[in-house]
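Here's a quick briefing to read with the model open beside you. Take it one topic at a time and click along as you go.

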Amino acid sequence: MKTDIKVEADRLAADPRISDYDFWRSLKNLNNEIFHIANNNEPIPFAMIRWRAILKQARSKRGHA
């Protein structure tokens, strides 16, 4: 699973069609959705956690925290 995340993050980080703003906005939207789910005491889908890790790594590879 960890290699899947790394491979996908590498692919996204290298894609010139995705701007730094796109990464930031997607990560912010995902974090907001996870927050709302958690606030309602509902289970957070594993796919959301996985995509959050992918977006964080991809953004990091571009030089942003």
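R11 is partly exposed, because its relative accessible area is 47%. In this predicted model, R11 and E8 join their side chains in a salt bridge, at 2.4 Å from N to O. E8, for its part, counts as buried because its relative accessibility is 17%, under the 20% mark for burial.

**Salt bridges**

- The R11 and E8 partners sit three residues apart in helix α1, so about one helical turn separates them.
- Searching the whole structure turns up five salt bridges, and the R11 and E8 pair is a good place to start looking.
- Why do such pairs form at all? Side chains of opposite charge can pair when their charged atoms come close.
- K6 pairs with D10, with 3.0 Å between the closest N and O atoms.
- K6 and D10 are about one helical turn apart, because four residues separate them in helix α1.
- K6 has a relative accessible area of 44%, so it's partly exposed; D10 has 29%, so it's partly exposed too.
- Follow that pair a little further and you reach K61: K6, D10 and K61 are linked in a network of salt bridges.
- D20 and R62 make another salt bridge, their closest N and O atoms lying 3.1 Å apart.
- The D20 and R62 pair ties together distant parts of the chain, with D20 in helix α2 and R62 in the segment after α3, 42 residues apart.
- Are these two buried, exposed or partly exposed? D20 comes out at 34% relative accessibility, so it counts as partly exposed, and R62, at 24%, is therefore partly exposed as well.

**Overall fold**

- The chain has three helices and zero strands, so to speak a plain α-α-α pattern when you read along the sequence.
- Along the principal axes, the C-alpha atoms fill a box of roughly 35 × 25 × 20 Å.
- Of the 65 residues in the chain, 25% are buried.
- Take the contacts between residues at least 6 apart in sequence: 69% of them join residues at least 24 apart.
- The chain's accessible surface is about 4,600 Å², and carbon and sulfur atoms account for 56% of that.

**The nonpolar core**

- The largest nonpolar core is made of 13 residues, and the ones with the most contacts inside it are L12, F23, L30, M48, I54, L55 and A58.
- Each of α1 (2-14), α2 and α3 supplies at least two residues of this core.
- Which helix gives the most to the core? That's α2, with five residues.
- As background, nonpolar side chains tend to be buried together in soluble globular proteins.
- L12 is worth a click: setting aside neighbours within four places in sequence, L12 is in contact with I18, F23, W51, I54, A58 and R62.
- So R62 turns up twice on this tour, because R62, which is partly exposed at 24% relative accessibility, is in contact with L12 and also bridges to D20.

**The aromatic pair**

- How many aromatic pairs does a search of the whole structure find? Just one.
- Y21 and W24 make up that pair, with ring centres 5.7 Å apart and planes at 35°, so the pair is tilted.
- Both Y21 and W24 lie in helix α2, three residues apart, or about one turn of the helix.
- W24 is partly exposed, since its relative accessible area is 34%.

**A nonpolar patch on the surface**

- I44, F46 and I49 form a nonpolar patch on the surface, and together they have about 260 Å² of accessible area.
- I44 belongs to the loop between α2 (20-39) and α3 (46-61).
- I44 has 33% relative accessibility, so it counts as partly exposed.

**R59 and its distance to S19**

- R59 lies in helix α3.
- Is R59 buried or exposed? R59 is buried, because its relative accessible area is 17%.
- R59 and S19 are 40 residues apart along the chain, and 9.8 Å separates their C-alpha atoms.

How values were computed: Residues numbered from 1 in each chain as written. Predicted model: local features only at pLDDT ≥ 70, side-chain atom pairs only at ≥ 80, totals over all residues. Heavy atoms only, no water. Patch = residues over 30% accessible without salt bridge, like charges linked within 9 Å, V, L, I, M, F, W, Y side chains within 5 Å. Areas by Shrake-Rupley, 256 points an atom, 1.4 Å probe, with all protein chains shown as cover. Salt bridge = Lys/Arg side-chain N within 4 Å of Asp/Glu carboxyl O. Buried < 20%, exposed > 50% of the residue type's maximum accessible area, 1.4 Å probe, protein only. Core = buried A, V, L, I, M, F, W, Y, C linked by side-chain atoms within 4.5 Å. Contact = heavy atoms within 4.5 Å. Phe/Tyr/Trp six-rings, centres within 6.5 Å; stacked < 30°, edge-to-face > 60°.
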